[in-house]
Amino acid sequence: MTTFFLDGQAFDSDENESVLETLIRSGNSLNYSCKKGACKTCLLQHVGGDLSTGSQRGLSARLKANHYLCACQCIPAEGLKLKTVLEQDLFVSAQLVEQVFMTDNMMKVVVKVSENLNCLVGQYINLRRHDGLTRSYAIAKVDGNVIELHVTRKYNGQFSGWLFNTASNGEQLLIQGPLGQCVYKAEYQQDKLILIGHGAGIGAALGIVEQALAMSHQAEIYLYHGARTVEELYLQKRCLSLMLAHKNVHYRACITAAAQIDLTGLRCQQIQPFELAASEHPVTRHNRVFLCGEPEAVVKAQQQAFLDGFEYAKIHVLPFEYKDLRSVKRG
């Protein structure tokens, strides 16, 4: 057993238990979401004692310089001293300005931030509501200090349930970010872009395509959307229009569940999007891959792309990590 301190209070951690796991077990109300170091929701500040390797993995240079760490990645050493992070140090104020149903379970959410955060499509932000509940969402579009997000209604999802059923325009929020590096850069202009969006990941993937076109991308662009059903291809018309408007853009719609209807004439096929992409694109040094969406699909595709020979540095990922509320864990 290891004893560490948070805001002067002692906590006893079991062997190989993270700071976050100890705090949850002890009834502490520290915010968290993915528990994998991706969302940056459970940040604390290091004020004394030894810090374990990996505690600051994935943090920006600014966060590291201010001695922040991810509680979910920190295995405490004896006598470790931590401090709760003040909201004003990490969050800025924002307002919910638009909610549009794109399907029964997909909503476009637009927020206006009190200051320009210089966000990029393909990054993500943390949204925090009045009671401290916080979730991470990918940026699908950005115009100055106005940010568009695509939110899937999650079964038993506290934050998505609130957005779909209760929240209204004018709600005050706090925003942390932007975070992540799954973004288009000018030096990619000569690379063939292969983008795969799983579920709501198509919002970020399409946004990256539009950013590439705005920056005069020269090479071919292939965009794949993996959805369980035809109804979930919520951006298909927009993707097809983009393909018609730009000769170097190619769009493929993929149905991943057993089709209940005849797909003939619907401009989609029953196949996993990465399988289709792999069959259409032999590996070359000019290929660059972007993977956005549900974490299991993204991680699986990332691993397969690497095994197939894609350069690891040219595989960009944006997995939608979220709090697992299942009473029985998968596997």
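With 331 residues, this chain would have a radius of gyration near 20 Å if it were a compact globule, and its 21 Å agrees with that. Keep in mind that this is a predicted model. Here's a quick tour, from the whole chain down to one helix, α7.

**Overall build**
- The C-alpha trace stretches over about 65 × 45 × 40 Å along its principal axes.
- Eight helices and 17 strands make up the secondary structure.
- Take the contacts with a separation of 6 or more: 67% of them join residues 24 or more positions apart.

**Surface and charge**
- Of the 331 residues, 49% are buried.
- About 16,200 Å² of the chain is exposed, and 48% of that comes from carbon and sulfur atoms.
- The chain carries 33 positive and 32 negative charges, and the mean positions of the two sets lie 3 Å apart.

**Helix α7, two sides**
- Which residues of α7 are buried? In this helix, which runs over residues 273-280, they are Pro-273, Phe-274, Leu-276 and Ala-277.
- These four sit on the same side of α7, because they cover an arc of only 160 degrees around the axis.
- As background, an α-helix has 3.6 residues a turn, so residues three or four places apart point the same way.
- Glu-275 and Ser-279 are on the other side of α7, and they're exposed.

**What α7 packs against**
- The buried residues of α7 pack against four strands, β12 (192-198), β13 (221-227), β14 (249-255) and β15 (269-270).
- They also pack against a helix, α8 (295-308).

Note on methods. Residues numbered from 1 in each chain as written. Predicted model: local features only at pLDDT ≥ 70, side-chain atom pairs only at ≥ 80, totals over all residues. Heavy atoms only, no water. Buried < 20%, exposed > 50% of the residue type's maximum accessible area, 1.4 Å probe, protein only. Helix = DSSP H or I, 4+ residues; strand = E, 2+ residues; numbered from the N terminus. Arc of directions from axis to C-beta. Contact = heavy atoms within 4.5 Å. Rg over C-alpha atoms; globule rule 2.2 N^0.38 Å. Areas by Shrake-Rupley, 256 points an atom, 1.4 Å probe, with all protein chains shown as cover. Lys, Arg positive; Asp, Glu negative; His and termini not counted. Charge placed at Lys NZ, Arg CZ, Asp CG, Glu CD.
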